[in-house]
Amino acid sequence: MKKTFKTIILLTLFPIISSLDIYAQSKPESEELIKRKKIHLYFGTFLYTKVTTNFLYGVTNNLYLGVSFRPGEKVENKEFIGSINSRGFDFYDYNKSNFNNFFNLKSQYFFLGNFYTSLDLGIRTGFEEKITKFTITQINSLEILPFSKSTFVSNRYSMLLGIGYRKELFEHFLLGSEIQYGILSGAKVTKNYTYNPTAYNGLPNDIILDQLFNDGNDYKTSRLMIISIYAGIAF
């Protein structure tokens, strides 16, 4: 009985093992049909987003690792006059650091011809914003009431999974597209206020309004979907 049972198992496993061996022998030949170059450098964008620069190196013919970078918003510095009335006027000094630079560590694996899956781990830089307000009154005598608000928004982190198609044309020209879906972590928002309580007789209206219209919800954890079309060179 045991001998018969072993014979049945061997007869069952034999075609499976044989098919795996045939697949293992034929797989390298099918992969060599598309011989990819080691370095892929391409630039992608979609609609109104800024151009993203991508640099990938082929660890194997199918596995590519690399980085990508998209510049953020420029530094802002400006001065302007606010409301003007018979009592005086408001003068503002506004400063905001460069922010939303997007940097990714990328991995891509070609699984079927020119189709690939991707995994990106990224960081989106935060910013520091400072608004200084000078309320200048002229009722009895010239008086300047300074008030400043500083906002610090921390970096945010992302993870994106995607699927794409990239093809080498004319030996050195790249053309492709990709769709990615993932998550962007929330940011820590810190606000500091500087003012003279005596001059304002308590809390300034700016702080009260700022608490009522809190923008902290803008930096909660959110989902991302990115669709890109790109072109570049391979060498």
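A salt bridge here is a side-chain nitrogen of Lys or Arg within 4 Å of a carboxyl oxygen of Asp or Glu. This is a predicted model: local features need pLDDT of at least 70, side-chain atom pairs count only at pLDDT 80 or more, and totals for chains, interfaces and linings use all residues. Residues are numbered from 1 along each chain as its sequence is written, and side-chain values use heavy atoms, with hydrogens and water left out.

**Exercise 1. Judge the confidence of the model, then find a stretch to treat with caution.**

Step 1. Take pLDDT, the predictor's confidence in each residue, from 0 to 100. The chain average is 84, and 83% of the residues score at least 70.
Step 2. Look at residues 4-26. Their pLDDT is below 50. This stretch has zero contacts (heavy atoms within 4.5 Å) beyond near neighbours in sequence.

**Exercise 2. Trace the barrel and show how strand 1 meets strand 13.**

Step 1. Fix the elements. Helices (H or I, at least four residues) and strands (E, at least two) are DSSP runs, numbered from the N terminus. Two strands pair if DSSP finds at least two bridges between them.
Step 2. Follow the order 1-2-3-6-7-10-11-13. These eight strands form a closed barrel with antiparallel pairing. From one strand to the next, the twist averages 25°; axes are lines fitted to C-alpha atoms, and angles run from 0 to 180 degrees between N-to-C directions.
Step 3. Inspect strand 1 (residues 39-45) and strand 13 (residues 222-234). They run antiparallel and are joined by six bridges. Within this pairing, Phe43 stands opposite Ala231 of strand 13.

**Exercise 3. Follow the pairing from strand 8 through strand 9 to strand 12, and place Thr132.**

Step 1. Start at strand 8 (residues 127-137), which holds Thr132. Strand 8 pairs with strand 9 (residues 143-153) in the antiparallel sense over 11 bridges. Lys133 has Phe147 of strand 9 as its bridge partner.
Step 2. Move on to strand 12 (residues 189-195). Seven bridges join strand 12 to strand 9, and the two run antiparallel. Lys149 stands opposite Tyr193 in strand 12.
Step 3. Is Thr132 buried or exposed? Thr132 has 15% relative accessibility, so Thr132 counts as buried. The classes are buried, under 20% relative accessible area; exposed, over 50%; and partly exposed, in between (1.4 Å probe, protein chains only).
Step 4. List the contacts of Thr132, leaving out residues up to four places away in sequence. They are Phe91, Tyr92, Asp93, Phe147 and Ser148.

**Exercise 4. Locate salt bridges and state what each one links.**

Step 1. Get the count. The structure holds four salt bridges.
Step 2. Take Glu168 and Lys37. Their side chains meet at 4.0 Å, N to O. Glu168 is in strand 10 (residues 156-169), and Lys37 is in the loop between helix 1 (2-31) and strand 1, 131 residues apart. Lys37 counts as partly exposed because its relative accessibility is 23%.
Step 3. Take Lys133 and Asp90. The N to O distance is 3.9 Å. Lys133 lies in strand 8 and Asp90 in strand 5 (residues 88-96), so the pair ties together parts 43 residues apart in sequence. Both Lys133 and Asp90 are buried.
Step 4. Take Lys106 and Asp120. Their salt bridge has an N to O distance of 2.8 Å. Lys106 is in strand 6 (residues 102-112) and Asp120 in strand 7 (residues 115-124), 14 residues apart. Lys106 and Asp120 are both buried.
Step 5. Look for shared partners. Such salt bridges join Asp90, Lys133 and Asp206 into one network.
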